[in-house]
Amino acid sequence: MSPARADLDREVADSDAYGSEGLGKIRSLLCPPPIPGVDDWGIPPESQKPCDPHVAEKLKHFHTLKNDPDAPKHFNDSLMMNRSFRNPHLYAKLVEFVDVDEKATNFPRDVWDPTDMPEEWFADKIADAQKIRYEQQTSSSNHREKRSRIEFSTGRRR
């Protein structure tokens with residue numbers, strides 16, 4: 001058993017000991033199954049090399065900004081305040097720039113394959129089918145005899 005799996009099992013057991021068995025079940029279900037012959041799902045161990053001093057200085061600076069007791073600054077908050085990030089087309093540009101597959105999944109292909117979709121599930125095909133159905137309904141209702149007049153009878157009192 002990999003060390004990461006053992007840590008997770010120990011954490012699940014600890015959470016069960018405190019009476020939150022539902023949380024333990026969820027965690028065990030969300031934990032991916034081990035890959036035979038691969039430890040820690042192929043994630044390499046932590047590097048033993050010293051960190052680049054320039055990167056360490058940057059991280060220290062951001063950590064100082066984040067933990068400033070007077071005015072903490074969070075990187076995501078400052079990004080959101082930047083006017084450039086309010087552009088609705090920015091997302092598409094970022095996806096293109098980073099070359100990310102938006103429709104990718106972490107599930108194995110036999111569980112979920114986002115590329116294996118029937119054509120009729122796509123929005124344009126659904127719209128076409130709805131249009132055809134609507135046209136058929138309106139054309140069939142036009143062929144029926146339409147009443148030109150509705151006769152009413154007077155009410156009688158008993």
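This report describes a salt bridge, two surface patches and two backbone angles in a predicted model.

Side chains of opposite charge can pair when their charged atoms come close. In this model the count comes to 1 salt bridge, and the pair concerned is R109 with D113, whose closest N and O atoms are 2.7 Å apart, a distance to be read against the cut-off of 4 Å that defines such a pair. The two partners can also be described by their accessibility: R109 has a relative accessibility of 54% and counts as exposed, because exposed means over 50%, whereas D113, at 23%, counts as partly exposed.

A patch of negative charge lies on the surface, where E96, D99, D101 and E102 gather. One of these residues, D99, is found in the loop between α5 (90-98) and α6 (123-143), and with a relative accessibility of 68% D99 counts as exposed.

A nonpolar surface patch is made by F97, V98 and V100, with an area of about 340 Å². Among its members, F97 is found in helix α5, and this residue is exposed, with a relative accessible area of 71%.

The backbone adds a further point. Most residues other than glycine have a negative phi. Against that background, which value does phi take in W41? Phi of W41 is near 55 degrees, which is positive although the residue is not a glycine. W41 is found in the loop between α2 (21-30) and α3 (53-66), and its relative accessible area of 26% makes W41 partly exposed, so W41 falls in the range between the buried limit of under 20% and the exposed limit of over 50%. D99, already named as a member of the negative patch, likewise has a positive phi, of about 60 degrees, without being a glycine, and it lies in the loop between α5 and α6.

The accessibility values of the residues discussed are gathered here.

| Residue | Relative accessibility | Class |
|---|---|---|
| R109 | 54% | exposed |
| D113 | 23% | partly exposed |
| D99 | 68% | exposed |
| W41 | 26% | partly exposed |
| F97 | 71% | exposed |

Taken together, D99 links two of these topics, since D99 belongs to the patch of negative charge formed with E96, D101 and E102 and also carries a positive phi of about 60 degrees.

Methods
Residues are numbered from 1 along each chain as its sequence is written. This is a predicted model: local features need pLDDT of at least 70, side-chain atom pairs count only at pLDDT 80 or more; totals for chains, interfaces and linings use all residues. Side-chain values use heavy atoms; hydrogens and water are left out. A salt bridge is a side-chain nitrogen of Lys or Arg within 4 Å of a carboxyl oxygen of Asp or Glu. Buried means under 20% relative accessible area, exposed over 50%, partly exposed in between (1.4 Å probe, protein chains only). Patches are made of residues with over 30% relative accessible area and no salt bridge: like charges are joined within 9 Å, nonpolar side chains (Val, Leu, Ile, Met, Phe, Trp, Tyr) within 5 Å. Accessible areas come from the Shrake-Rupley method with a 1.4 Å probe; for residues, only the protein chains shown count as cover. Lys and Arg count as positive and Asp and Glu as negative; His and the chain ends are not counted. The place of a charge is taken as NZ of Lys, CZ of Arg, CG of Asp or CD of Glu. Helices (H or I, at least four residues) and strands (E, at least two) are DSSP runs, numbered from the N terminus.
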